[in-house]
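Student: I would like to learn how to read features of a structure one at a time. Where do we begin?

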Amino acid sequence: MIIPRKVKIMQKLISVFTPTFNRAYILPRCYRALCEQTNKDFIWLIVDDGSTDNTKELVNSWIEENKISIQYIYQMNGGKQRAVNTGVLNCETKYFAFLDSDDYYESTTVEKLILLLDKIEYKPTVAGILARRGTPDRKIIGNSNLPYKEFIANVDDLIRKYNFSGDTCRAYKTEVLANNLYPEIDDKFILESVMLSSIDRDYDLYVINEVFSISEYLADGYTLNSKKLYKNNPLGYALGINQLTIARRGLIRKIKVTIVYTTWCWKHKIKNSFNNSKNKILFLLLFPLSGLCYFLKIPRWIYE
């Protein structure tokens with residue numbers, strides 16, 4: 001008698017995560033770029049944060065096309081941070097890459113990510129990959145003056161030593177993200193530093209100074225509406241700035257963000273700013289200077 005051999009179905013290695021809210025008009029570009037990937041061994045994980053347009057119908061039509069694997073989750077509107085948490089907690093793969101709905105990958109991005117992830121799989125101190133975002137003409141957004149094209153580094157070191165700046169294209173070990181989820185608060189916006197800077201304190205990243213994704217900042221996006229978002233979500237902003245007060249990015253930066261954190265909490269009447277401060281020593285040392293800045297309304301944008 002012939003005993004049938006069990007065939008092991010290989011699980012995909014990486015999920016490409018896209019949070020979205022009423023972005024049916026721009027999602028097709030993201031979809032087309034993913035369909036053009038040279039390596040399609042990924043899951044496109046979409047968390048729809050309560051869209052009221054035709055996003056659901058659009059995604060369902062793509063699922064029926066079966067050109068790429070798609071995991072679609074709909075939830076009541078709760079803000080990007082809740083969409084991220086939902087994505088991480090429902091991720092079925094070992095690695096988790098971020099792709100905003102107004103961005104799109106280069107055709108070789110997934111292929112390159114998978115090759116790079118193989119280099120960090122057995123490095124417990126490396127949390128993931130940090131590549132660059134670029135403009136539509138493939139120019140790196142931010143400071144591109146890094147010492148090597150590929151190397152392992154801590155993000156705080158990059159900022160302190162090389163004045164690193166600019167948007168990034170990242171992929172992480174899902175387990176690391178699951179251990180650093182965003183806190184549950186009433187605000188619908190939280191600075192990414194609450195999650196990512198927290199990870200940076202404990203882990204390095206494999207840095208590749210090359211454009212992996214393309215960004216076009218839309219009128220309804222977070223980037224062009226940042227200050228309005230901060231003011232409408234004062235606790236979410238405070239949590240992010242508070243996290244940066246303990247980042248290892250140099251004393252000058254620590255002083256600046258501590259003053260911003262303190263004056264922001266005073267301006268928006270956020271309670272227990274000292275007790276909740278992650279850098280109580282600097283909070284106390286800078287208390288007189290923070291008071292002067294508050295009196296003089298510095299930085300100005302906080303009081304506009």
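**Reading the model feature by feature**

Tutor: Take L115 to start: its relative accessible area is 56%, so L115 is exposed. Keep in mind throughout that this is a predicted model.

Student: Where is L115 found?

Tutor: L115 belongs to helix 4, residues 109-120. One can also relate L115 to a residue elsewhere in the chain: Y172 is 57 residues away along the sequence, and the two C-alpha atoms are separated by 14 Å.

Student: How do I read burial for a whole helix? Which residues of helix 3 are buried?

Tutor: The label for a residue depends on a cut-off: buried means under 20% relative accessible area. In helix 3, which spans residues 80-89, nine of the ten residues are buried, and the helix is mostly covered. The buried ones are K80, Q81, R82, A83, V84, N85, T86, G87 and V88.

Student: What do the buried residues of helix 3 pack against?

Tutor: They pack against four strands and two helices. The strands are strand 1 (14-20), strand 2 (42-49), strand 3 (69-75) and strand 4 (95-98). The helices are helix 6 (174-178) and helix 7.

Student: Why is helix 7 described as largely enclosed by the rest of the structure?

Tutor: Helix 7 covers residues 193-202, and eight of these ten residues are buried, so the rest of the structure largely encloses it. Those buried are S193, V194, M195, L196, S197, S198, I199 and D200.

Student: Is there a general rule about which way helix residues point?

Tutor: An α-helix has 3.6 residues a turn, so residues three or four places apart point the same way.

Student: Which residues make the nonpolar surface patch?

Tutor: L289, L292, F295, L296 and I298 make a nonpolar patch of about 490 Å² on the surface. One of them, L289, sits in helix 13, residues 287-296. L289 counts as partly exposed because its relative accessibility is 39%.

Student: I298 is in that patch. What kind of peptide bond joins I298 and P299?

Tutor: Read omega for that. The bond between I298 and P299 is cis, with omega about -5 degrees. P299 lies in the segment after helix 13.

Student: How should I treat the cysteines? How many disulfides does a search of the whole structure find?

Tutor: The test is a distance: two cysteine sulfur atoms must be within 2.5 Å. Across the whole structure the search finds zero disulfides. For C30, the closest cysteine sulfur is that of C35, and at 10 Å it is too far for a bond. C30 counts as buried because its relative accessibility is 1%. C293 is in no disulfide either, since its nearest cysteine sulfur, in C265, is 14 Å away. With a relative accessible area of 13%, C293 is also buried.

Student: Now a residue in a loop. Is T245 buried or exposed?

Tutor: T245 has a relative accessible area of 1%, so T245 is buried. Its place is the loop between helix 9 (234-244) and helix 10 (251-267).

Student: What does the side chain of T245 reach?

Tutor: The T245 side chain reaches the backbone oxygen of N242 at 2.5 Å. Leaving aside residues up to four places away in sequence, T245 touches K254, V257, T258, Y261, K278 and N279.

Student: And for a strand residue, which side chain does that of N209 join in a polar contact?

Tutor: The side chains of N209 and R132 are joined by a polar contact of 2.7 Å. N209 is part of strand 9, residues 204-215, and counts as buried because its relative accessibility is 16%. With residues up to four places away in sequence left out, N209 touches R132, I140, S144, L146, Y148 and K149.

Student: Last, backbone torsions. What is phi of N163?

Tutor: For N163, phi is near 55 degrees, which is positive in a residue other than glycine. N163 is in the loop between helix 5 (155-162) and strand 8 (168-173). Its relative accessibility of 48% is why N163 counts as partly exposed.

Student: Where is K269 found, and what is its phi?

Tutor: K269 is in the loop between helix 10 and helix 11 (273-276). Its phi is positive, about 55 degrees, although K269 is not a glycine. K269 has a relative accessible area of 71%, so K269 is exposed.

Notes. Residues are numbered from 1 along each chain as its sequence is written. This is a predicted model: local features need pLDDT of at least 70, side-chain atom pairs count only at pLDDT 80 or more; totals for chains, interfaces and linings use all residues. Side-chain values use heavy atoms; hydrogens and water are left out. Buried means under 20% relative accessible area, exposed over 50%, partly exposed in between (1.4 Å probe, protein chains only). Patches are made of residues with over 30% relative accessible area and no salt bridge: like charges are joined within 9 Å, nonpolar side chains (Val, Leu, Ile, Met, Phe, Trp, Tyr) within 5 Å. Accessible areas come from the Shrake-Rupley method with a 1.4 Å probe; for residues, only the protein chains shown count as cover. A salt bridge is a side-chain nitrogen of Lys or Arg within 4 Å of a carboxyl oxygen of Asp or Glu. A polar contact is a pair of N or O atoms within 3.5 Å; within protein, one must be able to donate a hydrogen and the other to accept it, and residues adjacent in sequence count only if both atoms are side-chain atoms. Contact means heavy atoms within 4.5 Å.
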